[in-house]
Amino acid sequence: MELVEKINRLKKERNAVILAHNYQLPEIQDIADYVGDSLGLSLQASQTPADVIVFCGVYFMAETAKILSPDKTVLIPDPKAGCPMADMMTAEEIRKLKAQHPEAKVLCYVNTTAGVKAECDVCCTSGNAERIVREAFQKDDEIIFVPDQYLAHYLSTLTGRNFIVWKGYCPSHVKILPEDIAKKRKRYPLAEVIVHPECPPGVTSAADQVLSTEGMCNYIQASEAGEFIIGTETGILHRMQKENPGKIFYPASERATCPNMKRTTLEKVLWSLEEMGFEVTVPQDTMNRARTCLRRMIEKKP
Ligand code: CIZ
Ligand code: SF4
């Protein structure tokens, strides 16, 4: 309690906001001004009158907030909170892949480093990927999609398009197995199964709904169902339970946790505000090019 009071006091003094990703620890979600997905949080960051943004998530998300709000101070409480999927592709590797396919357009998932985004034509999130594929490309365009092979596969099933893919994946979502879905369905026969498109094909094909984290939260609020089996990082169950006290949530797999998302603690958030660290910076040229890639996605928002 004392920690929370100190955080709140310093937050006011610094004119800061605290943004927390849907996968953060419950106590971090509870002190945040906004809880959401990476794009939603970055848009919040760019619209807030605050001078300082404490970004409780992983590094590429804080970078995205910085790219969209270059004049604000963006802090990450633990700079070692990386995203292994984003780190599966370097700027050098995307340049090589582009050189192998000089005619191709490049679509990147938001889970990429700023250096990779700077090399890509347009960005997408799991929530808008289908629409971006349909709207940002011509029928005959060759498309490179990086870095998530499973999101690429799922997008292919939705749009009928083939992508040149990179073999990245999320180590937390691949822990969810088709057997887990079968087992939980048997145990909770009335529950709807909702999974994230970062899950492998055997899991997405066994689900009732495949949705981004924000998509899941919106769907559940509107649904008549009372029980849900959730196939994504387990941290999101805290938000779901809080927003829907009358409904019941089961994780598809208790093993689907992201250790990087759990690196952020209340102590680190307090330290971050006290010391104004760790500041997230992106080289100017990379930042400008990555912003163009992000803007092309944002401007396609209806
Ligand atoms: O974009 C995000 O925040 C991630 C990583 C997942 C999602 O579906 O919201
Ligand atoms: Fe990256 Fe997966 Fe963790 Fe999301 S859950 S931050 S994709 S490793």
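The following dialogue concerns a predicted model and the surroundings of its ligands and pockets.

Visitor: What makes H21 a polar contact of ligand 1?

Guide: A polar side-chain atom of H21 lies 2.6 Å from an oxygen atom of ligand 1. The cut-off for a pair of N or O atoms is 3.5 Å, so the pair formed by H21 and ligand 1 qualifies as a polar contact.

Visitor: How do you know that S38 and H196 also make polar contacts with ligand 1?

Guide: For S38, a backbone N or O atom is 2.7 Å from an oxygen atom of ligand 1. For H196, an N or O atom of the side chain is 2.5 Å from an oxygen atom of ligand 1. Both pairs are within 3.5 Å, and therefore both count as polar contacts. Taken alone, ligand 1 exposes 270 Å², and the protein buries 98% of that area.

Visitor: Which residues surround ligand 1, and how do they divide by class?

Guide: Ligand 1 is surrounded by H21, Y23, D37, S38, M61, V110, N111, S126, H196, S212 and T213. Each of these has a heavy atom within 4 Å of ligand 1, and therefore each is called near. By class, the shell has three nonpolar, seven polar and one charged residues. D37 is in the shell, and Asp counts as charged, so D37 belongs to the charged class.

Visitor: Which residues surround ligand 2, and how is that shell made up?

Guide: The residues around ligand 2 are Y23, V58, C83, P84, N111, C170, E198, C258 and M261. This shell has seven nonpolar, one polar and one charged residues. Glu counts as charged, so E198 belongs to the charged class.

Visitor: Why is ligand 1 said to sit in the largest pocket?

Guide: The term requires that more than half of the atoms of a molecule lie within 2 Å of the grid points of the pocket. Ligand 1 sits in the largest pocket, and therefore meets that condition. The space taken by ligand 2 is also the largest pocket.

Visitor: How much space lies in the largest pocket, and what lines it?

Guide: About 340 Å³ of space lies in the largest pocket. Of its 32 lining residues, the closest to the centre are H21, Y23, M61, N111 and E198. By class, the lining has 14 nonpolar, 14 polar and four charged residues.

Visitor: What is known of the second largest pocket?

Guide: The second largest pocket holds about 200 Å³ of space. Its lining consists of 13 residues, and S126, G127, Y154, L158 and V210 lie nearest its centre. Eight of the lining residues are nonpolar, four are polar and one is charged. Glycine counts as polar, so G127 is placed in the polar class.

Visitor: Which helices supply at least two residues each of that lining?

Guide: These are α7 (129-136) and α8 (149-159). The largest share, four residues, comes from α8.

Visitor: Where are the cis peptide bonds, and what are their omega values?

Guide: The bond from V146 to P147 is cis, with omega near -5 degrees. P147 is placed in the loop between β7 (143-146) and α8. The bond from G277 to F278 is also cis, with omega near -10 degrees. F278 is found in the loop between α13 (266-275) and α14 (284-298).

Visitor: What is the phi of N15, and where is N15 found?

Guide: N15 has a positive phi of about 50 degrees, although N15 is not a glycine. N15 is found in the loop between α1 (2-14) and β1 (16-21).

Note on methods. Residues are numbered from 1 along each chain as its sequence is written. Chains are lettered from A and ligands numbered from 1 in the order in which they are written. This is a predicted model: local features need pLDDT of at least 70, side-chain atom pairs count only at pLDDT 80 or more; totals for chains, interfaces and linings use all residues. Side-chain values use heavy atoms; hydrogens and water are left out. A polar contact is a pair of N or O atoms within 3.5 Å; within protein, one must be able to donate a hydrogen and the other to accept it, and residues adjacent in sequence count only if both atoms are side-chain atoms. Accessible areas come from the Shrake-Rupley method with a 1.4 Å probe; for residues, only the protein chains shown count as cover. On a 1 Å grid over the protein atoms alone, a cavity is a set of points where a 1.4 Å probe fits but cannot get out, and a pocket is an open set with protein on both sides within 12 Å along at least five of seven lines; lining residues have an atom within 4 Å of a point. Grid points are joined across faces, edges and corners, and a volume is the space filled by probe spheres set on the points.
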